[in-house]
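User: Please take a close look at one part of this protein, the open sheet and the helices packed on it. Set it against the rest of the chain where that helps.

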Amino acid sequence: MNGKETISFKNATILAFAILISFTVVSLLLQGDSYLRMVFSDITGPVIEILVIMGLFYAAYASKNQGQHVQIAWILMGVAFSFTALGDITWAILELVFSTNPFPSVADIFYLAFYPLFALGIYFMPRDKFSSSDRYKIILEMGIILLTVGLLLWVFLISPNLTSQEEFLTIFISVIYIVFDFVLLFALIRLLYSKFKEEYYGPLILIGLGMVALIITDYIYYLQTLQGTYVSGGLLDSGWILSYMLVGLAALLQITGEKYQLIPPYLSFIKKSSFTSYLPLLLALISFMLLVWANEIQEEPNIPVIELVVGIIILMVLFRQFLTERALSSSEKNYRDLVDNSLVGIYKTNISGDILFANESLAQIFKFSDVEELKSHQITEFYKNISARKEIIDKLRKEGSFAQYEVEMVSREGDTVNMLLSASLTGKVISGMLMDITLRKKAEKALQDSEEKYHTLFESNPTYTILVSLEGSILDVNSAASEFAGISSQELIGKNFPELQIFPNEEDIKFQRSKFLQALQGETIKPFQYQLIDYKGNYSWVESQLVPIKKDGEINSILVISKDITERKKAMDGLERMVDEKNILIKEIHHRVKNNMQIISSLLNLQSQHLKADEQFAVSILKESQNRVKSMAMIHENLYQSKDFTHIKFEDYITRLVYELFYSYSGDADKIRLVVDVDDVNLNMETAVPCGLIVSELFTNSVKYAFPEGREGEIRVSLKQEPGKDDDREFILTVSDDGVGFPPDLDYRNTETLGLELVNSLTCQIDGNISLDLTQGTKFTVKFKELRYKKRI
């Protein structure tokens, strides 16, 4: 939501106070007609509250990007005001329609619900944390304030209410109102002592002011009710209207996100002032004055209570003072440690040159053993040129202070020390800091000296090094590049690359121009390859890199670094041919291994056809062997069809394997349902082959034995990768069925059957572990990691 879509905060503030003034004026004009005054007040209040409620809920919606706590805070405040509106509507009905006294009545239920909900909304506003020492001090200060206010409420409101001649219900509800206002006061004080982000300051200041107006108006109302002087629709109602207006403005400020121009001065005052430090002392003084006043009134029955509470407040003030002094002592110690341990020299001198203060770093800079020995000298003794001291003083008298002024000084041993000086003049005292920049000055001189070395390196560099202007003309070129072009360096300077006729065709020129334009955008161009023609007409392959050169933050030239890679290119081309030949060879090997395994599978099938009917056991064995061969043949078939000869896409492999095994045993798809749930993972061949055989054995067992006599059921094969790093992947393989279950008297780890013996052996081969769950059919779970082998060349 932006300010263009809503009324501006400034206009809303003017409108709000115009409404407040209008309400007050109308109330004054209607003083002679009590009924019209009540009607006006009872209708105006709910209307304003409904507008505020809409603003609060819209503020909650507008705060969705500021976190859940902020949204909850505005929602709670909106709900709180909703209860107030219900209370006012009920009050109006009772007062205007039924002509009865609305206090006490059902309206009080709605009014009382407002206080805890609004206080809770303030509590939910996000705030920064304090240190433990600050937290204890704040708790003490809040305690002093709350005890004092509570004592005042007890003496002037609660105690008179309890001793009044009113009915019990009236007294009881009045006391609850006072207590709930005290809860709201607690929320206000907590708000006052909390640290919030600056973006919340404006709305929270307005909410705080609204709470102050509400609490003060409530307490005046209680006093008037106690004295029998309250008039419905009178001037006191303006206090409640003011509190509603302030909360509504807070909601508007939250909605618009506007930083109104009158807010910053108040924020600055709140940040800089320490009125919260004096508030507990002021209230402690008020509590003591209350005790003195109570002692002068002989019939005052609350003197023991007042004495006890004032005594507690004084003890809390003393303890707070103790914490304050300890914190101040700690702060002074931290400041002293900061000064003493600073790497920068800190000083204070007078105009005459006497050293009034210095830290240890300054003594060390001038080669003194301690500060006292340094202070026995005058600062003028350490200036290499005494006229520099006079210039500094003249500059301070004109400007008052300055920073980063370079001056040469000398140490006690006579060594020149380059200093970076900052100073300020207050009266006749000069204070500031001195930083030893001798090493930096040496580095600057070394940098200047290195320019010649740079030029030497530039010239002797065997790569082609060329400096190009933003317009594309050559600014500088080394000997290697000039030799390639067959033109001297001086002749090359000022020329453009197309003029040199070193590119084979127009497309190469366009390619170079596109790279150059990228470099002009500040992008360092990674090495790229292309062909050039030297001055003899020979074609050469070069690899270039373009580096933008900046000066004062702006690109002022492009450095082209190129090297001849003709021989390397030839070698790489040869290697690529060798790799292609190797891939073809590996592909052919996998194809032949797959064909050989298919031949073995066919031989096993032929052998099984020549067995007699009474040799079904042998047929079964041959069939199982045939399926094992098929599972391995599928892997080699996948590798043959893949570009990656080291990994197998296991999802496709398992799906095909399971369905081929199922139909090889004449599986009835109408009675047995297959579920394959495999993650999209690739396994290397060393892991895939054992894993495929494990699936083959366990799935075959389920197909053969889990559903005898035509039973229906489900066989599930699952492979899941555990969350973790790709270089240390863990997998969970599950083969399960809901059939008749695994024989309870058969130990799957120690069995004479070849299939389960093979499963256990293969599990060990992949460094895994296997477990069996018989709670619902049969469920084998194998946990394993991908085996690590050296990459094949």
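Analyst: The sheet comes first, then the chain as a whole, then a helix pair and some single residues.

The model is predicted, so local features need pLDDT of at least 70, side-chain atom pairs count only at pLDDT 80 or more, and totals for chains, interfaces and linings use all residues. Residues are numbered from 1 along each chain as its sequence is written, and side-chain values use heavy atoms, with hydrogens and water left out.

Five strands make up the open sheet, in the order β12-β14-β15-β17-β16, with mixed pairing. Its edge strands are β12 (672-678) and β16 (769-773), each of which pairs on one side only. On average, neighbouring strands of this sheet are turned by 10° against each other, direction ignored. Helices (H or I, at least four residues) and strands (E, at least two) are DSSP runs numbered from the N terminus, and two strands pair if DSSP finds at least two bridges between them. Axes are lines fitted to C-alpha atoms, for helices over the stretch in contact, and angles run from 0 to 180 degrees between N-to-C directions. Strands of a sheet pair through backbone hydrogen bonds, either parallel or antiparallel.

At one edge, β16 and β17 (residues 778-785) run antiparallel and are joined by five bridges. Within this pair, Ile-770 stands opposite Val-782 in β17. Helix α24 (residues 754-765) packs on the sheet, where it touches β16 and β17; contact means heavy atoms within 4.5 Å. The direction of α24 makes about 135° with that of β16. Helix α22 (residues 650-664) also packs on the sheet, touching β12 and β14 (713-721), and its direction makes about 165° with that of β12.

The protein chain as a whole has 24 helices and 17 strands. Of its 793 residues, 43% are buried; buried means under 20% relative accessible area, exposed over 50%, and partly exposed in between (1.4 Å probe, protein chains only). Among contacts with a separation of 6 or more, 62% are between residues 24 or more positions apart. The chain exposes about 44,400 Å², of which carbon and sulfur atoms supply 58%; accessible areas come from the Shrake-Rupley method with a 1.4 Å probe, and for residues only the protein chains shown count as cover.

Elsewhere, the axes of helix α3 (residues 68-97) and helix α4 (residues 107-123) come within 8 Å and cross at roughly 165°. That makes α3 roughly antiparallel to α4, because angles over 145 degrees count as roughly antiparallel, under 35 as roughly parallel, 65 to 115 as roughly perpendicular and the rest as oblique. Val-70 is in helix α3 and is buried, at 1% relative accessibility. Leaving aside neighbours within four places in sequence, Val-70 contacts Ser-63, Pro-126, Tyr-200 and Gln-254. The C-alpha atoms of Val-70 and Ala-60, 10 residues apart along the chain, are separated by 7.3 Å.

In the loop between α3 and α4 is Ser-99, which has a positive phi of about 55° although it is not a glycine. Most residues other than glycine have a negative phi. Ser-99 is exposed, at 62% relative accessibility. Lys-367, in the loop between α12 (360-365) and α13 (371-375), has a positive phi of about 65° and is partly exposed, with a relative accessible area of 38%. Ser-469 lies in the loop between β6 (464-468) and β7 (474-477) and is buried, at 6% relative accessibility. Not counting residues up to four places away in sequence, Ser-469 touches Leu-475 and Phe-516.
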